[in-house]
Amino acid sequence: MSELPPFVLFFVAAGLVLATGGVVRKVILLATPVAAAVHIWLNIEMGTLAPFAFLNVELSLLRLDKLSLPFAYLFCLASVIATIFALRVDDTKQEVAGLIYAGSALGAVLAGDLISLFVFWELMAISSVVFIWARGTDRAIDAGLRYLIIQILSGVFLLAGALVHYQATGSLAFEQIGLGTTAGRLIFIAFGIKCAFPFLHTWLTDGYPEATATGTVYLSAFTTKVAVYALARSYAGEGILVYIGITMACFPIFYAVIENDLRKVLAYSLINQVGFMVTGIGIGTALALNGAVAHAFSDVIFKGLLFMAMGSVLFRVGHVNGSNLGGLYKTMPKTTLFCIVGAMSISAFPLFSGFVSKSMVMTALIKEGYSYGWLFMLFASAGVFHHAGIKIPYFAFFAHDSGLRPKEAPVNMLVAMGMAAAICIFIGSQPQYLYALLPMEVDYWPYDTTHVLAQLQLLFFSALAFVWLNKKGLYPPELRSVNLDAEWFYRKVLPASALRGLSVLSNMKEASMLTAMAPIERIRRSISQSSTAQYSLAESWSTGSMVLWIAIILAAYLLLNIVVYGLS
Amino acid sequence: MSDNLDKKHIFDDPKNVQRLLNGFYAVCALLVVVDFFIHRHISLVWEKIPAFYAIYGFVACVVLVILAKVMRKGVMRGENYYDE
């Protein structure tokens, strides 16, 4: 019993959900992640690595150590919250997909070899796209298809890397790999796609805003965090990750400032937060790795909370365009409050969860001598507050009165948001419990006067900048628009060049046909103009009638033969 | 619904907005004043600048917004750009 991988519970539950309905189904949905967490807590021992042989290869579906444990608990917790938030959605495909998706994420972080990882990697891709397609709009279906193609492609890189790795080392163990080998670089690309590295990130900003109101909450929790775990497992201390992480933290905030779709703003800020984790992994010291894991933990909860708040608005209003929202605090006060808690957590206000986790990465940057990197990350921290901390709550719930008076979010949604908000404040004010769960032994405490004062100054003066820019009318207005990103390359340039290429090819075909046919045409014309052309036999004959005539002649010849020789 | 529309809410009164802002300005001022009395641990040279974090936060956000506005000229397209 103790070696039963927790994902099995989710997959069995998915089957049960198909067979049941009504209240029973809802109970199964809620009980599964709770049961999985209890199972991990009580039945599985730390250091478990349960290998089994499959076709002479050693695989392992269950490896519980100090790195996989926090992610395993985190995914169970996220699954509970997302399930409560989606409790009133009676859609079998989303319910089954939620279980398979969460189960696969759990399977991926507990996998001990690259092939098992690959299987869960692809299952996550396939199950998660359901949340985008379930929206049912044409845009969602197109975006889902693009999302799926990129996700599957990531799996292809992973499988190729795993096979090359096996060829070279004879091992499929999912351990430190590094960038020194071809296999290492292939797997790095696979992880990088799911981790939303710059230029490989568009599936996220394209797909997540098109998902259902409840689906984005699931999506934001698992895929990128599995990738963060995988990077921490296999590429900790690779210096290039520091610079990739800094880029990820910085460039999306510019898009977030000008983006109108508030869930897309959150998608960009998701990349920004993952940037902090990637940087921590790149630094690779005990403090930095702890920071990366801790921040993944806080991020899943506060980003989930923000996506839930926007999901509630989407559910009640039908859209989340900043330009057409405002004043919702009047009728959705509780959602407003929860959104503000999420906003303060992501902005790393003291006493909120972001503060106790992000600061570990920031401190590690200083300790390891990345002074300029630290400056960029400080810029990114101020920027997060600007777009996620202020812009999201301000444009949705305050700003100008849009005249919209939607009802408060349903009870189950409020409960889910309340839970997430409570966890944000709990982690922020009692960080020792989160710290105890982290993979490394580190003596770190975020609360000292210097740090609190510095952070408060940074945040309050970022807010002051917002107030000042708004009063001066310098703040960019929310406009309904599309902002070009790396996806422009495959959504506009590639199709346009493909069409152009096709038209060039068809022109070439036309021209070459004309050139090749010209002499034949000339002969035909000269015959048709000659004096014999007046006789009907000189006309051009169709192939069919020629064949017919030849057949008739041959038949006549045969008949003659039979008559002449047969009689003699 | 009409009840809700007619009901006065807290920020419908500009006085309340101004009160909130005044409180906010006061906290900002306080944070800068405190900086001169509390000794911060310094790890980097930049941190020696008085109220470094306050200045950096303000400047960073203004630069961010201005750059983003400039960026809009380059990347902004109509809402149905990709569907055309």
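Start by selecting Leu231(A) in this predicted model. Setting aside neighbours within four places in sequence, Leu231(A) is in contact with Phe191(A), Cys195(A), Leu241(A), Val278(A) and Ile281(A). Show those five as sticks, then widen the view: the largest nonpolar core has 207 residues, and Leu231(A) is among the members that touch the most others, along with Leu305(A), Leu306(A) and Ala420(A). Now colour helix 12 of chain A, residues 286–317, which gives this core its largest share, 20 residues.

Next, go to the hairpin in chain A. Select strand 1 (residues 48–54) and strand 2 (residues 57–64). The two run antiparallel and are joined by six bridges. For one pairing to look at, find Leu49(A), which stands opposite Arg63(A) in strand 2 of chain A. At the turn, two residues sit between the strands, and Leu55(A) takes a positive phi near 50°. Is strand 2 of chain A mostly covered or mostly open? Mostly covered: six of its eight residues are buried.

From there, jump along chain A to Leu437(A), in the loop between helix 17 (431–436) and helix 18 (449–471). Leu437(A) counts as partly exposed because it has 15 C-beta neighbours inside 10 Å, and a buried residue would need 20 or more. Add Leu67(A) to the selection: its C-alpha atom is 9.1 Å from that of Leu437(A), although the two residues are 370 apart along the chain. Beyond four places in sequence, the contacts of Leu437(A) are Leu69(A) and Pro70(A).

Now bring in chain B. Its domain assignment gives domain 1 (1–38) and domain 2 (41–75), so give each a colour of its own. The C-alpha centres of these two domains of chain B lie 24 Å apart.

Then turn to where the chains meet. Here 39 residues of chain B are in contact with 40 residues of chain A. On the chain B side, the elements that give two or more residues are helix 1 (2–6), helix 2 (14–35), helix 3 (52–75) and strand 1 (76–77). Which of them should you highlight for the largest share? Pick helix 3 of chain B, with 16 residues. Colouring this side of chain B by residue type will show 27 nonpolar, six polar and six charged residues.

For a last stop, select strand 3 (residues 482–483) of chain A together with strand 1 of chain B: they run antiparallel, and two bridges join them across the chains. Centre on Val482(A), whose bridge partner in strand 1 of chain B is Arg77(B).

Definitions and conventions: Residues are numbered from 1 along each chain as its sequence is written. Chains are lettered from A and ligands numbered from 1 in the order in which they are written. This is a predicted model: local features need pLDDT of at least 70, side-chain atom pairs count only at pLDDT 80 or more; totals for chains, interfaces and linings use all residues. Two residues are in contact if their C-beta atoms, placed from the backbone, lie within 7 Å. Helices (H or I, at least four residues) and strands (E, at least two) are DSSP runs, numbered from the N terminus. Ala, Val, Leu, Ile, Met, Phe, Trp, Tyr, Cys and Pro count as nonpolar, Asp, Glu, Lys and Arg as charged, and the others, Gly among them, as polar. Two strands pair if DSSP finds at least two bridges between them. Domain bounds come from an automatic or database domain assignment. A nonpolar core is a set of buried Ala, Val, Leu, Ile, Met, Phe, Trp, Tyr and Cys residues joined through C-beta atoms within 7 Å. A residue is buried if 20 or more other C-beta atoms lie within 10 Å of its own, exposed if 12 or fewer, and partly exposed in between; C-beta atoms are placed from the backbone.
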